[in-house]
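Got the viewer open? Let's take a short walk through this one, picking one selection at a time.

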Amino acid sequence: MNITREIVAADKRKPLFDDPLKLPFGRQFTDHMFTMSFAPESGWHEARITPYGPLLLEPSANVLHYSQEVFEGQKAYKSSRGEILMFRPRENARRMNRSLQRMCMPEIPEDDFLEAEGELLKVEERWIPGQKGASLYVRPTVIGTEAALGIKPSSHYLFYVILSPVGPYFKEGFNPVSLWVSETYSRAGNGGTGEAKTGGNYAGSLLATREATQQGYSQVLWLDAGEHRYVEEVGAMNIFFVIEDTLVTPALSGTILQGITRRSVLELAPGLGIRAEERRIAIDEVVDGIASGKVSEVFGAGTAAVISPVGKIAYQGRDFIVNGNQTGPWAKKFFDTLTGIQYGELEDRHGWIHVVK
Ligand SMILES: *Cc1c(COP(=O)(O)O)cnc(C)c1O
């Protein structure tokens with residue numbers, strides 16, 4: 001890729017934050033962004049690194065009406081040796097291409113995706129926090145930009161990458177969060193777009209999340225759309241249960257997002273000494289298991305929070321308290337192992353770390 005660069009003068013750059021561990025998630029953006037355009041006659045072209053700033057779009061642009069939009073979520077870490085590290089970024093490139101395919105949008109060559117992120121990260125290196133627990137969140141996005149109101153795939157697209165320094169995702173930090181099981185709303189149905197990281201899935205889940213937060217819970221635990229019986233995921237995280245001596249997560253059904261953290265937890269489990277299983281799991285099995293003590297831990301897994309222990313699940317008007325509302329040993333072990341690998345402190349036995357520089 002030939003990337004043209006328009007770099008912000010040193011004295012015009014934004015000031016860095018004082019304490020990255022206190023940064024709210026995704027509110028502050030770095031000085032530059034990467035952009036690349038797609039047109040039918042030229043394919044992907046005009047790769048550029050430019051100052052971060054507003055996009056110029058026609059009000060009739062496809063994305064603003066029919067939501068041809070997909071995105072990814074990744075993090076860049078600074079190791080104690082000063083390297084810029086990313087965690088399994090090729091998996092994100094592949095997943096973005098699967099999302100693009102589902103939304104009838106043009107794919108991006110994996111190597112171009114990685115080069116775009118890598119070159120932008122090198123320009124923005126000063127923004128990558130050195131403290132463990134903080135990182136630089138990477139948000140690649142593709143939108144349909146054609147100015148036309150007919151319902152059809154856009155002819156033109158924009159791929160852009162923006163960066164945001166972040167601290168811990170939940171205000172609770174690495175402390176248990178509470179989940180509220182939605183018995184009426186659904187996130188995704190069979191044959192729908194639940195497996196794609198596309199904006200509409202999240203817009204559709206906001207109302208349920210508002211109800212959950214109004215009642216004092218931090219996130220929604222989604223069930224399947226057909227029967228409202230089987231556990232799916234949390235909406236920005238996949239979900240795990242420790243049931244007796246087995247780690248259980250809902251099997252991929254087409255309606256669950258295929259998390260890279262989820263897959264990494266499953267791949268780490270045998271080495272850490274716990275059997276892992278992907279299967280259907282009914283909400284009754286979960287709440288009965290919490291009540292009887294068979295379910296000893298529940299935690300979410302996703303890039304933003306890495307591992308997020310769950311201390312409370314509300315279902316049918318009852319609160320089920322998990323592990324005395326304390327972080328359990330498996331959540332801690334997976335969190336320590338994943339973050340240890342991500343920050344370059346633990347040996348990368350699985351070949352997951354991509355050294356940008
Ligand atoms: C991004 C996301 C996840 C987590 O995926 P990771 O690859 O682990 O970050 C889980 N569920 C949904 C709905 C998501 O959008």
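Select Ile260 and show its backbone: a polar backbone atom there is 2.8 Å from an oxygen atom of the ligand. While you have the ligand on screen, switch on a surface. How much of the ligand's accessible area does the protein cover? On its own the ligand has 380 Å² of accessible area, and the protein covers 96% of that. Keep in mind that you're looking at a predicted model.

Now add two side chains. Tyr202 places a polar side-chain atom 2.5 Å from an oxygen atom of the ligand. Click over to Lys197, where a polar side-chain atom lies 2.7 Å from a ligand oxygen atom.

Next, select everything around the ligand. You should pick up 15 residues, and the ones that come nearest are Lys197, Tyr202, Glu233, Thr261 and Thr303. Try colouring that shell by class: 5 residues are nonpolar, 6 are polar and 4 are charged. If you've got a pocket display, turn it on, and you'll find the ligand sitting in the largest pocket.

Time to zoom out. Give residues 4–166 one colour for domain 1 and residues 177–342 another for domain 2. How far apart are the C-alpha centres of the two domains? Draw a line between those centres and it spans 27 Å. For a last stop, select the residues where the domains touch: 21 from domain 1 are in contact with 23 from domain 2.

Methods:
Residues are numbered from 1 along each chain as its sequence is written. This is a predicted model: local features need pLDDT of at least 70, side-chain atom pairs count only at pLDDT 80 or more; totals for chains, interfaces and linings use all residues. Side-chain values use heavy atoms; hydrogens and water are left out. A residue is near a molecule or strand if one of its heavy atoms lies within 4 Å of it. A polar contact is a pair of N or O atoms within 3.5 Å; within protein, one must be able to donate a hydrogen and the other to accept it, and residues adjacent in sequence count only if both atoms are side-chain atoms. Accessible areas come from the Shrake-Rupley method with a 1.4 Å probe; for residues, only the protein chains shown count as cover. On a 1 Å grid over the protein atoms alone, a cavity is a set of points where a 1.4 Å probe fits but cannot get out, and a pocket is an open set with protein on both sides within 12 Å along at least five of seven lines; lining residues have an atom within 4 Å of a point. A molecule sits in a cavity or pocket if more than half of its atoms lie within 2 Å of its grid points. Ala, Val, Leu, Ile, Met, Phe, Trp, Tyr, Cys and Pro count as nonpolar, Asp, Glu, Lys and Arg as charged, and the others, Gly among them, as polar. Domain bounds come from an automatic or database domain assignment. Contact means heavy atoms within 4.5 Å.
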